[in-house]
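I opened this notebook to keep track of what I look up in one structure. The entries are short and go from the whole chain to single residues.

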Amino acid sequence: MSGSIYGNNLPRMQEILEDMQSRIAKVRQQAAAVTGMDPVEHSLGRIKSEESMREKCRRKGLPETADSALSEIRDAIGLRIVCAFLNDVYLIRDYLASEPDLTIVTEKDYIRHAKPNGYRSYHLVVKTADGFYVEFQLRTISMDTWAALEHHLKYKKNLQGNIDLIASELKRCAEELASTDVSMQTLRDMIIEGNGADL
Ligand code: 0O2
């Protein structure tokens, strides 16, 4: 096993990641110029590490090849966009959908249809004109906090205690956070109405 699983595509992948990051920066500036508020709290971009990609190929029963890493698996290039408010998640979604050179390949609204464990996020896979896939995970700060904790617990070895109780408490937390997200959005809408276009 020698060389990168991505073959000689890494420089182009890095370029695409940077391009996506600058598009997000642009839409943040545009939205802030109109509303006075940045729709994105923070964002992270990454090329999936060699080791994680090889592990994902094995987990999915795929050969460890560039084709698997770039075509069968579609999150080699990934961005996580964390928004303060629910509506901002959909604003970013609409912006990505409106980009003429990007094709939406899959779209999963785990916000309106949460996973059974309580996971919420909006997942979008887009394809660039030259055939690279990019996965976007769009979520609120609350959803991000929950996912980080759940991820941490999931990979914690020798987790002691009542696993069923932990799972049901985690789900309850996800529901409480989701309800807080709706309340925060309502509050924001009320403030905007009270201030015209100032917010
Ligand atoms: P990593 O290391 O975070 O990238 P896929 O696994 O992508 O082929 P699927 O099932 O269509 O296929 O993906 P899905 O359900 O849209 O989720 C993909 C990614 O979302 C995961 O990537 C996680 O990052 C995140 N995710 C999905 N479900 C959960 C969850 O229940 N908890 C948390 N914390 N994150 C979740 P990877 O590849 O699993 O891992």
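The entries below cover the chain, the ligand site and a few residues.

**Entry 1: the model.** I noted before anything else that this is a predicted model.

**Entry 2: the chain as a whole.** I looked up the length and found 199 residues, of which 38% count as buried. I then took the extent along the principal axes: the C-alpha atoms fill a box of roughly 60 × 50 × 20 Å.

**Entry 3: the elements.** How many helices and strands are there in the chain? I found six helices and five strands. I wrote down their order from the N terminus on as α-β-α-α-β-α-β-β-β-α-α.

**Entry 4: where the ligand is.** I asked which pocket the ligand sits in. The ligand sits in the largest pocket. I listed the surroundings next: 18 residues surround the ligand, and the closest are Lys48, Lys56, Lys108, Lys115 and Glu150.

**Entry 5: what the shell is made of.** I sorted the shell around the ligand by class and got 11 charged, four polar and three nonpolar residues. I also asked which element gives the largest share of the shell. That element is α5, with four residues. Strand β5, residues 133-140, and helix α5, residues 141-154, each supply at least two residues of the shell.

**Entry 6: polar atoms at the ligand.** I looked up three distances. A polar side-chain atom of Lys56 is 2.7 Å from an oxygen atom of the ligand. For Gln137, an N or O atom of the side chain lies 3.1 Å from a ligand oxygen atom. At Ala147 the partner is on the backbone: a polar backbone atom there is 3.1 Å from a nitrogen atom of the ligand. I then checked the cover, and the protein buries 71% of the 730 Å² that the ligand exposes when taken alone.

**Entry 7: Asp88.** I found Asp88 in helix α4, which spans residues 86-98. Is Asp88 buried or exposed? Asp88 has a relative accessible area of 4%, so Asp88 is buried, the cut-off being under 20%. I also noted a polar contact of 3.3 Å between the side chains of Asp88 and Arg188.

**Entry 8: Gly78.** I placed Gly78 in strand β2, residues 77-83. Gly78 counts as buried because its relative accessibility is 6%. I took one distance from here: the C-alpha atoms of Gly78 and Leu153 are separated by 22 Å, with the two residues 75 apart along the chain.

**Entry 9: Leu102.** I located Leu102 in the loop between α4 and β3, the latter being residues 103-109. Leu102 has a relative accessible area of 8%, so this loop residue is buried. From Leu102 to Leu159 I read 42 Å, C-alpha to C-alpha, for 57 residues in sequence.

**Entry 10: Gly161.** Which loop holds Gly161? I found Gly161 in the loop between α5 and α6, where α6 is residues 163-194. Gly161 is exposed because its relative accessible area is 61%, and exposed means over 50%. The C-alpha atoms of Gly161 and Gly36 are 47 Å apart, and the two residues are separated by 125 residues along the chain.

**Entry 11: looking back.** I reread the pages on the ligand and kept two points. The ligand sits in the largest pocket, and the shell around the ligand has 11 charged residues.

Notes: Residues are numbered from 1 along each chain as its sequence is written. This is a predicted model: local features need pLDDT of at least 70, side-chain atom pairs count only at pLDDT 80 or more; totals for chains, interfaces and linings use all residues. Side-chain values use heavy atoms; hydrogens and water are left out. A residue is near a molecule or strand if one of its heavy atoms lies within 4 Å of it. A polar contact is a pair of N or O atoms within 3.5 Å; within protein, one must be able to donate a hydrogen and the other to accept it, and residues adjacent in sequence count only if both atoms are side-chain atoms. Accessible areas come from the Shrake-Rupley method with a 1.4 Å probe; for residues, only the protein chains shown count as cover. On a 1 Å grid over the protein atoms alone, a cavity is a set of points where a 1.4 Å probe fits but cannot get out, and a pocket is an open set with protein on both sides within 12 Å along at least five of seven lines; lining residues have an atom within 4 Å of a point. A molecule sits in a cavity or pocket if more than half of its atoms lie within 2 Å of its grid points. Ala, Val, Leu, Ile, Met, Phe, Trp, Tyr, Cys and Pro count as nonpolar, Asp, Glu, Lys and Arg as charged, and the others, Gly among them, as polar. Buried means under 20% relative accessible area, exposed over 50%, partly exposed in between (1.4 Å probe, protein chains only).
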